[in-house]
Every structure is written in structure tokens, then in C-alpha cells.
Amino acid sequence: MSGADELYPPAQYGWGWILLAIGVLVLIAGLAWLVVVLTRPRRTIAVAAAPPPVPGLTADVATVLRQEYLGAIAQIEADYRSGVTDARRANLDLSRVVRGFVNEYSGIEAPVLALDDLVRMGVHPSLIDAVGRNYYPSIFRRTAPVDPLVGADAARTVVTTWY
């Protein structure tokens, strides 16, 4: 009779059952996370189009701005022809002038944007052509620079045809 008065400890579950329960909870949490990730809307990155010309930029101001930058281009061309600057430096100066014009005329921060950024923004094709064909090869490649006289013509095209 001594066995009838004794208390029995509660039944113990094996470690395998506890690990199985934890695994099921992790699986449920993982599936919930996967459902949330797969069903949320995708983020889209909007690429801003080239801004319109600055409001209040009258035809007279635009004409004066164009004349100022055409004069700067002519000065760079004259300095190159007279031997004051070399071809690489002339193309660098032309790039700065053209980008400065675009910045002043339209507000696009062209002086600090790379060619890929300008292409992504969809700027006027004449700027992309001038930078891609004349200025980048002359400034960044170790080969002979592109003729600055061709670069000056490209710069004039940008200034005269920009919006």
C-alpha cells in the first residue's frame, strides 16, 4: 500500500517534441514574413525629367545669356588657336562653359552631374552628344584629346539649340 500514497511527478515530454514545437513556430513566422514581403507594393524610383525653363526668363535675358556663353566659347577657341591652352585644357574649359550655361538657363545642376545622370534625366541631345563625344574622351582618356575646334562647334550647338 505504500505505492498508493505516493505522488507521481508530471509527465515529461522529450526534447524532440520541444524542438519540433519551436521549429513549427519559426516556420509559421517565416511564412508570415514571406507573405508580407511578396504582397506589398513594389517601390518605384521616379526619374525626374528635365525641368522646364526657369519662369521669368524672358527672351531678352535668354538672348543675353546665350551671347555671354557664345563669347566665352569664342575666347576658349581663340586661346587654343593662339597656343595659350592645350587641347585637353580647352575641352575641359568648354565642358565647364556648356554645363554652366545649362545650369543658368534651365536650373539643371549640369556642372556636378555625370554623363549617365544627364542621359537618365533626358536632357537635350546636343548636350549629351557634346559631353560624350568631345569632352569626356578628351578629359578622361589617356589618348590624344579630341580637337577642341570640334568641341567648340558642339558647345555652340548646345548654347544655340537649348530649349
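Two residues are in contact when heavy atoms of theirs lie within 4.5 Å. Keep that in mind as you look at this model, which is a predicted one. If you take the contacts in the protein chain between residues at least 6 apart in sequence, 70% of them join residues at least 24 apart.

Now for the overall layout. The protein chain has six helices and zero strands, so reading along the sequence gives you the pattern α-α-α-α-α-α, with helices picked out as DSSP runs. The chain has 163 residues, and 28% of them count as buried. Its accessible surface adds up to about 11,200 Å², and carbon and sulfur atoms account for 64% of that.

Let's start on the outside. Find Tyr13, which sits in the segment before α1 (15-39). Tyr13 is exposed, with a relative accessible area of 69%. Together with Trp17, Leu20, Val24 and Ile28, Tyr13 makes a nonpolar surface patch of about 620 Å². Why can Tyr13 count as exposed? The cut-off for that word is a relative accessible area over 50%, and Tyr13 has 69%, so it qualifies.

Next, head over to the charged side chains. The model has seven salt bridges in total, and a few of them are worth following one by one. Begin with Glu77 and Arg81, whose side chains meet in a salt bridge with N and O 3.2 Å apart. Both residues belong to helix α2 (residues 59-82), and because they are four residues apart there, about one helical turn separates them. How exposed or buried are these two partners? Glu77 counts as buried, at 14% relative accessibility, while Arg81 is exposed, with a relative accessible area of 58%.

Glu77 has another partner too: Arg156 forms a salt bridge with Glu77, and here the closest N and O atoms are 2.2 Å apart. This pair ties together distant parts of the chain, since Arg156 is in helix α6 (residues 148-161) and Glu77 is in helix α2, 79 residues apart. Arg156 counts as partly exposed, at 25% relative accessibility.

Stay with Arg156 a moment longer. Arg156 also forms a salt bridge with Asp153, with the closest N and O atoms 2.9 Å apart. These two are three residues apart in helix α6, so about one helical turn lies between them. Asp153 counts as partly exposed, at 45% relative accessibility. Put the pieces together and you have a network of salt bridges linking Glu77, Arg81, Asp153 and Arg156.

Finally, turn to a charged residue with another story. Which side chain of opposite charge is nearest to Arg99, and how far away is it? The answer is Asp117, at 7.9 Å. A salt bridge needs the nitrogen and the carboxyl oxygen within 4 Å, and Arg99 has no salt bridge even though it is buried. You'll find Arg99 in helix α3 (residues 87-106). Leaving aside residues up to four places away in sequence, Arg99 touches Ala110, Pro111, Leu113, Leu118, Val131 and Tyr136.

How values were computed:
Residues are numbered from 1 along each chain as its sequence is written. This is a predicted model: local features need pLDDT of at least 70, side-chain atom pairs count only at pLDDT 80 or more; totals for chains, interfaces and linings use all residues. Side-chain values use heavy atoms; hydrogens and water are left out. Patches are made of residues with over 30% relative accessible area and no salt bridge: like charges are joined within 9 Å, nonpolar side chains (Val, Leu, Ile, Met, Phe, Trp, Tyr) within 5 Å. Accessible areas come from the Shrake-Rupley method with a 1.4 Å probe; for residues, only the protein chains shown count as cover. Buried means under 20% relative accessible area, exposed over 50%, partly exposed in between (1.4 Å probe, protein chains only). Lys and Arg count as positive and Asp and Glu as negative; His and the chain ends are not counted.
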